[in-house]
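Me: I'm new to reading structures, and I'd like a close look at one part of this one. Could you start with the helix that lies across a small sheet in the second chain, and then lead me outward from there?

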Amino acid sequence: MDLVPLSLVDSLPAVQLPGEWLPEASVRARPQTARPVVAKKERRAPETLHPALWLGHQIGRTAGDAVATGFAALDAELPGGGWPRRALSELLLPHAGVGEIRLLAPSLVSAQRAGRLVMVFDPPAALSAAALERLGFDVEELLVVHTRARVVPGSDSLWALEQALKSGHVGAVLAWLPPRLRTDRLRRLQLAAHNHDGAAFVMREASVAGRPTASPLRLALQPGGADRLQLRVLKRRGPPLEAPLQLALPPVLSSAARRRSESDRERASAWQAATFVNFA
Amino acid sequence: MLWVALHLPCLSLESFAATLVVGDAAAAAGQPIALVDEHRISAANAAAQAEGVKPGLKRATALALASRITLGQADATRDAEALLPVAHAALAFTPNVSLPPGSDGAAAHTVLLEVQASLRYFGGIDRLLERLLHAVRPLGHELRIAVAATAAGAAVLVRVEPPPRCPSLEATRAALASAPIWLIGPGREHWEALQGMGLRQVGDLLGLPRAGLARRFGEAMLAEIDAAFGRRPDPREAIVPARLFESRLELFARADSTEQVLYGASVLLARLVTWLSAQHSFVRRFRLLMHHETRWQQGDRTPQATSLEIALAEPSRDSAHLLVLLRERLAQVQLPAPTLELALQAEDIVKRAAPNTELFPTKQSENEGLTRLIERLQARLGADQVQCLGAVADHRPERASGLSRADAGARPQRAARSKGRRDASTASAPQEIEATAASARPVWLQPVSEPLQERRSRPLLDGRPLNLLSGPERIEAGWWDAGLAERDYFIAETADGALVWIYRARLPLSASGANESGWFLHGRFG
C-alpha cells in the first residue's frame with residue numbers, strides 16, 4: 001500500500017455513500033463523522049526499520065551491543081556507544097607509550113572480570129606486571145603470544161591472530177600488527193573477527209592513516225599532555241568527527257605534578273608567542 | 001540374535017591405494033590400480049576397468065592396455081591390518097564383533113556384529129546402521145551391509161546382490177534359499193560339479209539326502225549350510241582390541257614431501273581414532289615414527305628413523321584436531337631422507353566418558369576451546385612463545401615481571417582460582433587509586449635501558465629536551481647478585497606530551513665511552 005504524502009491527505013474527496021447522490025454544497029455540510037478518516041501515516045525513520053540502517057548524518061549502531069570504553073566522551077562518539085564487537089578496531093599510534101593501554105584498560109579489565117580470556121599479540125616492549133595490576137588487570141590470566149621469534153618472518157603473526165579470532169572463545173584481543181600490512185590481509189582478519197564475540201584491537205603505525213582499511217572503526221591517538229590523550233576518530237559508521245577529543249586517562253602523576261606540567265606548557269607556548277614581536 | 005555383516009569388497013585395492021599416499025581424492029580415484037597374483041590380475045579398480053583391465057588378464061596384457069597403471073601385490077597382512085579399524089569402529093556399538101576365521105575368498109573381508117542387545121539403546125536397526133556407517137566413513141572403504149538372524153547366514157547374504165536385510169529367521173531362510181551356491185565357502189571347489197547337476201541355488205540342496213551330499217561334497221559344506229539356516233549352533237568368538245596401539249603403513253614409493261607423509265599419517269590417525277572409540281578412551285600422547293631409506297655410503301650419519309612426539313594438554317579423540325597438531329609440528333621438522341614407512345604408537349591413554357556436545361557455548365566448552373587454541377598456537381609457534389605474565393617480588397623493575405610458558409591443561413583450575421580472587425576483590429569496595437609517584441610504574445619497559453644524551457643538565461630524547469615532572473624515586477636493590485641497581489627514577493614529559501620513565505644511575509659508569517651523562521630511558525607510560 002502506498003504511503004500517502006501528508007500534504008494530500010486533506011484534499012482527498014469524500015466517499016460517496018451508495019444509493020445517494022447529493023449536490024456538492026450538502027457534501028460539505030455533512031457532519032465530519034460520516035467521512036471516513038484516512039489514517040495519517042507518519043514517515044518512519046529508516047533507523048527504526050532495521051538496526052543496521054542509518055542516515056548519513058546519524059551515528060550508526062552496531063548489530064550487537066558494544067563494549068563500554070569507560071570514557072563517557074568517547075562512548076558518545078562511537079557507534080553503538082562503545083567498542084564494536086565482532087569487528088576490528090584500528091588504533092594508529094606514532095609510537096608506543098602514548099596512553100593506549102590506559103585507554104583500553106577499562107574494556108579489557110571488564111572482559112577479564114566477566115571471566116573471559118584476554119590475549120596480547122606481539123607487544124612492542126616488555127610488559128610490567130605491577131603497572132597492569134594497578135590498572136586493574138588480573139595479570140596471571142593475561143596470555144602473551146610472541147609470533148616473531150622465528151628467523152623467517154612469515155605469516156605467523158597473522159595466522160596466530162586469525163586462529164584466536166576464529167575460535168570464538170577469546171574474550172578480547174590486543175594485537176600489534178607488522179608494519180606495511182597489505183589490505184587484503186587486514187580484510188581477512190576482519191572476516192575472522194566476525195566469529196569473535198568481544199572487542200578486538202589492532203595497533204598500527206600512524207603513517208597508514210591515508211590508506212583504506214577494512215575495519216569499521218579507526219582512531220588516531222596522540223599524546224595530549226601529561227595524563228591526557230588526544231584522539232581523532234578517522235573512520236566510523238557515522239559522520240566524520242572534525243574536532244579531536246581530549247580524554248583524561250587514569251593518572252600516573254600526582255595532581256601537583258600535573259599542574260606543574262600544565263604551567264610549563266603554558267609558559268612554553270607563551271614564549272613562542274613572544275618571539276613574534278613587531279618592532280616596527 | 002540379530003547379526004549384521006559388513007563386507008568390504010575392494011579392501012585389497014583400498015589398502016594398496018592407501019600406501020600410494022596420493023592426498024588428492026580426485027587424483028586417487030582417477031588413477032588406475034590393479035593387484036597382481038602370480039602374473040595374473042586379481043583385482044582392478046574402476047579407473048583400470050574403464051581402460052579394459054579385468055581380473056584374469058595377464059600382467060603383460062594389462063600393461064599393454066593401460067600404460068599408466070600401477071600394479072601391486074595383494075598382501076594379506078596389510079588387508080588384515082586395514083580390516084581391524086573397521087572392527088574397532090564396530091566395537092563401539094556392540095562387544096560381540098567377530099571376524100570370520102580363515103582368509104579364503106568367500107568369507108574374507110567381512111566383519112560380523114551381533115546387535116540384538118544394542119537395538120534398544122541405539123533406537124532400532126536403521127538408526128544403528130546409520131551410525132555405524134557414519135563411524136566407518138572416515139576410513140574411506142566401500143561397504144556392503146546385510147542383516148540376518150544367523151552369523152553364517154549374514155556372511156553369505158552380504159555377498160548377494162543386493163544385500164538383503166532379514167531380521168527374522170524365516171526371512172533369513174527364505175533369502176538363503178535363493179542365494180547362489182558358490183557363496184558357501186567349503187563347497188566352492190565342487191561348484192562345477194554342482195552346476196553340472198543343475199544345482200545352482202542353496203534351496204536346491206535342501207531337498208537332497210544329507211548322507212549323499214556329505215559323502216560327495218564333504219561334511220564342511222553341510223555344516224556351513226546348517227549353521228546358516230540356524231539348525232546348528234555357531235558360536236563366534238568376539239575380538240578383543242589390542243592393549244597397545246601400534247599401526248604401520250609401508251609406503252609403495254618413497255615419500256619426499258610433507259603432504260604425502262601427512263596423508264599417510266591421516267590414515268594411521270583414523271585407525272587410532274577407531275581403536276580409541278573401541279576402548280572408550282582418549283589419547284594424551286602419541287608418537288609418529290618415519291623410517292627413512294638406508295644409505296650405504298661411507299660415513300653417512302643419516303638416522304634410520306625420525307620420531308615426532310605430540311603431547312596434548314587435554315586428552316582428545318578428534319582426528320581433525322590431532323591432524324592439525326601433527327601438521328604444525330611436521331612443518332617445523334626437517335626430514336633428513338625420504339620416508340619409506342610410517343608407524344604410529346599411542347603411548348598415553350586415558351579412559352573417560354565422552355564429553356556431552358552442547359548447542360550453546362558454556363564455560364566448559366569455552367575452556368576446552370581455549371585449551372585447543374593454546375595447543376595449536378604452541379604447536380606452530382613453539383611452546384615458549386605463548387606465555388603468561390606473572391609478578392615477581394623484586395624491586396628492580398626489569399625483574400619485577402616474569403614471563404612463563406603457558407600451560408594449556410591448567411586453564412580450568414587457573415580460571416577457577418582467578419574467579420575466586422576476583423570475587424574476593426570486588427567484594428571490597430573499589431577504592432580510587434591516589435596517584436603517588438612512588439608507586440607509578442610504566443606499562444612498557446625497555447628490555448635494555450637506553451642511554452640518553454644530556455644538554456644543560458636536562459636529558460634529551462630524540463634530540464628534544466625532557467621535562468622532569470615528578471621524582472626522584474630511589475631504587476637500590478640487587479646487591480646479592482650481579483644485577484646491582486642504584487637508580488633515581490623520574491617521570492618526564494617529552495616534547496609531544498608523552499610520559500616516559502627515566503632514571504639517573506647513581507654509581508659512576510665504568511666504561512661507557514662518550515656518553516657519561518648517566519641518564520637512561522627505562523620505560524614509557526602506555
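Reply: Let's start with helix α5 of chain B, residues 76-91, in this predicted model. Helix α5 lies across three strands of chain B, namely β1, β5 and β6. Against β6(B), which covers residues 110-114, the helix runs at about 15°.

Now look at the sheet beneath your starting point. Four strands of chain B make up an open sheet, and reading across you meet β5, β6, β1 and β7 in that order. The pairing in this sheet is antiparallel. The edges belong to β5 (97-98) and β7 (144-148) of chain B; each has a single partner strand, so one side of each is left without a neighbour in the sheet. Try tracing one pair yourself: strand β1 of chain B, residues 3-7, is joined to β7(B) by five bridges, and the two run antiparallel. Within that pair, B:W3 has B:A148 of β7(B) as its bridge partner.

Helix α5(B) also meets another helix. The axis of α1(B), residues 11-19, comes within 9 Å of the axis of α5(B), and the two cross at roughly 95°. An angle from 65 to 115 degrees counts as roughly perpendicular, so that is how α1(B) stands to α5(B). From α1(B), the residues in this contact are B:L11, B:S12, B:E14 and B:S15, while α5(B) brings B:R78, B:D79, B:A82 and B:L83. Sorted by class, the contact has three nonpolar, two polar and three charged residues.

From here, let's step outward to where the chains meet. Chain B gives 53 residues to the contact between the chains, and chain A gives 49. On the chain B side, helix α16 (residues 363-381) supplies the largest share, eight residues. By class, that side has 28 nonpolar, 14 polar and eleven charged residues.

The two chains also share a sheet. Strand β4 of chain A (residues 142-145) pairs with strand β12 of chain B (residues 386-391) in the antiparallel sense, over three bridges. You can find A:L143 opposite B:C388 of β12(B). This pair is part of an open sheet of ten strands with mixed pairing, in the order β9(A)-β8(A)-β7(A)-β1(A)-β6(A)-β5(A)-β2(A)-β4(A)-β12(B)-β13(B). At its edges stand β9 (245-248) of chain A and β13 (401-405) of chain B, each with a single partner strand, so one side of each has no neighbour in the sheet. On average, neighbouring strands here are turned by 25° against each other, direction ignored.

On the chain A side, β4(A) pairs with strand β2 of chain A (residues 117-121) in the parallel sense over four bridges. There, A:V120 has A:V144 of β4(A) as its bridge partner. Here too a helix lies across strands: α4 of chain A (residues 100-113) lies across β1, β2, β5, β6, β7, β8 and β9 of chain A, and runs at about 160° to β5(A).

One more helix pair is worth finding in chain A. Helices α6 (residues 156-167) and α7 (residues 183-192) of chain A pack at an angle of about 20°, with their axes 8 Å apart. That makes α6(A) roughly parallel to α7(A). Their contact has five nonpolar, no polar and four charged residues.

Key:
Residues numbered from 1 in each chain as written. Chains lettered and ligands numbered in written order. Predicted model: local features only at pLDDT ≥ 70, side-chain atom pairs only at ≥ 80, totals over all residues. Contact = placed C-beta atoms within 7 Å. Nonpolar A, V, L, I, M, F, W, Y, C, P; charged D, E, K, R; others polar. Pairing = 2+ DSSP bridges. Axes fitted to C-alpha atoms, helices over the stretch in contact; angles between N-to-C directions. Parallel < 35°, antiparallel > 145°, perpendicular 65-115°, else oblique.
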